[in-house]
Amino acid sequence: MERTQVVIPAGEMDRQREFTARLAALHQQRERRPLAMVETYGCQQNVADSQRIMGMLREMGCGFTRDPFQADVIVINTCAIRENAEKKVFGVVGQLVHAKEKNPSLTICLCGCMAQQEVVAEKIRASYRHVDLIFGPQALWRFPELLYEVYTRHKRVFSIADEHGSIAEGLPVVRESRVRAWVSIMYGCNNFCSYCIVPYVRGRERSREPADILAEIRQLAEDGCREITLLGQNVNSYGKDLDNPMDFAALLEEIDKIPGDYLIRFMTSHPKDAGERLFDAMARCTHVAKQLHLPVQSGSSRVLKAMNRGYTREQYLEKVRYARSVMPELVLTSDIIIGFPGETEAEAMETVSLIKEVRYDALFTFIYSPRPGTPAARMPDPVSRAEKQVWFDKLLDAQNQISGGLHRAYIGKTVRVLVDGESGDAEWPLSSRTNGGRLVHLKGDPGWIGQYADVRITDSNTWALFGEI
Ligand code: 5AD
Ligand code: SF4
């Protein structure tokens, strides 16, 4: 891979800043400060991308609102991972026609993974004429130029070229919290799991330079940030494309040397690339949370092969055994897909037996959703949705019992947590997380936010713990 073509040259980033300045000048001529609304669907990578979009909007002179009828610019950052995610976005975008009727000068932008797909762009072009700008994740850094084009040429702009993808350093950012931050360490995915749309919309794997990542984390630690989550579609293939290759375990060791009272989390790990080197590094690094999100997807080796996952049930279980042997306190979570094309009931029950064997702390469970353009979408899929739902419910029942049991075992214990925000619940107003990432709702006042506390766990349910400082 040609690194020089991957990182956007400084001159090009300066050109974008030039557009930002021009937009700021245009905005200043308005009677009142323009307001932007940014709405985000999907994964943490999208949340991180939205924070960059907000950073650019702020430099363009915008304030922020959550009310589409108050907004002058609306950006919808979309997700394409399953069909319901797309349906929801089309519903939201359809509704925006009313905001545009009330305020014809409103600019509506659609970005993210849906926007990168030709079929979606065509549908928007034909049937959602109130959308002014569409750009995919690959074009995020060019948002100032694209928005400027919409403003000055008064025409709709579609920037969805299928690109390898690039890395843009130095984009401004609006962080949601002073306690927690997301840091992307790489972009894209090369794995082409047969059900997954991500490699088609987010381009090929490309890693940020270690020096850039370390500088960003050093700054966050200096600013008092307590919890930093490293993001990548598959963090375990970090660094393979660098001119001076460095693997993810080595990156963790380098980050761990940065002084400060902070925790490092990361997601997502692909089991085929996660191994002893990573688990040993996690165990050694004091800043690294003993938490692992290791999506297994299926407990059947036959289905795993059809998914193109690159490991068997036994290999996965062996990795989990090793990880727990070096980190007995490890909090382990996973993603599961039920109803992959051709999966039989017996194979789905192999997944249920796997989760009983592993005893995950929590699971993210999905019913398979065909994504046009992926290999799995062309496979015969004879099982009805109703039958898949029955299998899915069995999986959920099993996991609820496991999570409930693991959570009950915390009652009466004292755990150290980071208080990270308000929960919105009157009885348990604070939210916090243990080192392993378990959610703990707390009684207490907001003055605790950003601080560590020793908490006695008094109650639990299947998804959270409850406690008192
Ligand atoms: N259908 C259902 N679930 C999917 N995922 C990815 N693609 C699909 C799909 N087509 C799930 C996987 C992945 C998580 C982010 O979403 O479990 O790990
Ligand atoms: Fe999708 Fe597989 Fe890449 Fe994850 S590793 S983003 S599931 S293709």
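Which charged end sits over the ring of Trp-428? I looked this up before anything else, in what is a predicted model, and I found that the charged end of Lys-443 sits over that ring, at 4.7 Å from its centre.

**Entry: a second charge over a ring, and its aromatic partner**

I then turned to Phe-90, where the charged end of Lys-123 sits over the ring, 3.9 Å from the ring centre. The ring of Phe-90 also takes part in an aromatic pair with Tyr-128, and I noted this pair as tilted, with 5.4 Å from centre to centre and 40° between the planes. Phe-90 belongs to helix α4, which covers residues 83–102, while Tyr-128 is in the loop between α5 (118–127) and β5 (133–135), so the pair ties together parts that are 38 residues apart in sequence. I checked burial for the two partners as well, and both Phe-90 and Tyr-128 are buried.

**Entry: other aromatic pairs**

A search of the whole structure gave me nine aromatic pairs. One of them joins Phe-19 and Tyr-148, whose ring centres are 5.4 Å apart and whose planes meet at 50°; because pairs count as tilted when this angle is neither under 30 nor over 60 degrees, I wrote this one down as tilted. The pair links distant parts of the chain, since Phe-19 is in helix α2 (residues 10–28) and Tyr-148 is in helix α6 (residues 143–153), 129 residues apart. I found Phe-19 buried, with a relative accessible area of 11%, and Tyr-148 also counts as buried, because its relative accessibility of 18% is under the 20% cut-off. Elsewhere I noted that Tyr-195, Phe-340 and Tyr-368 form one aromatic cluster.

**Entry: helix α2**

Since Phe-19 is in α2, I went along this helix next. At 1.5 Å a residue its 19 residues should span 27 Å, and I found the end C-alpha atoms 27 Å apart, which agrees. The buried residues of α2 are Met-13, Gln-16, Phe-19, Thr-20, Leu-23 and His-27. Seen down the helix axis, these buried residues of α2 fall within an arc of 110°, so they line one face. I reminded myself that an α-helix has 3.6 residues a turn, so residues three or four places apart point the same way. The face of α2 turned away from the buried side carries the exposed residues Ala-10 and Gln-28.

**Entry: helix α13 and the loop after it**

I repeated the check on α13, residues 345–358, where 14 residues at 1.5 Å each should span 20 Å, and the end C-alpha atoms are indeed 20 Å apart. Among the buried residues of α13 I listed Glu-347, Ala-348, Thr-351 and Leu-354, and the buried residues of this helix fall within an arc of 160° when seen down the axis, so they too line one face. Ala-346 and Lys-356 are exposed on the other side of α13.

Arg-359 is in the loop between α13 and β14 (362–367), and I noted that its phi is near 55°, a positive value in a residue other than glycine. Arg-359 is partly exposed, with a relative accessible area of 39%.

**Entry: further backbone angles**

Most residues other than glycine have a negative phi, and most peptide bonds are trans. With this in mind I marked Gln-297, whose phi is near 70° and therefore positive, although the residue is not glycine. Gln-297 is in the loop between β12 (291–293) and α11 (301–306), and at 7% relative accessibility it counts as buried. I also marked the peptide bond from Met-267 to Thr-268, which is cis, with omega near 5°. Thr-268 is in the loop between β11 (263–267) and α10 (276–284).

**Entry: Gly-63**

I placed Gly-63 in strand β2, residues 63–64, and recorded it as buried, at 6% relative accessibility. The C-alpha atoms of Gly-63 and Arg-33 are separated by 6.9 Å, although these residues are 30 apart along the chain.

**Entry: the surroundings of ligand 2**

Which kinds of residue make up the shell around ligand 2? I counted seven nonpolar, three polar and one charged. Among the residues that surround ligand 2 are Cys-189, Cys-193, Cys-196, His-270 and Arg-309. Tyr-195 is also in this shell, and I had already met Tyr-195 in the aromatic cluster with Phe-340 and Tyr-368.

How values were computed: Residues numbered from 1 in each chain as written. Chains lettered and ligands numbered in written order. Predicted model: local features only at pLDDT ≥ 70, side-chain atom pairs only at ≥ 80, totals over all residues. Heavy atoms only, no water. Near = heavy atom within 4 Å. Nonpolar A, V, L, I, M, F, W, Y, C, P; charged D, E, K, R; others polar. Phe/Tyr/Trp six-rings, centres within 6.5 Å; stacked < 30°, edge-to-face > 60°. Helix = DSSP H or I, 4+ residues; strand = E, 2+ residues; numbered from the N terminus. Buried < 20%, exposed > 50% of the residue type's maximum accessible area, 1.4 Å probe, protein only. Lys NZ or Arg CZ within 6 Å of the ring centre and 35° of its normal. Expected span 1.5 Å × (residues − 1). Arc of directions from axis to C-beta.
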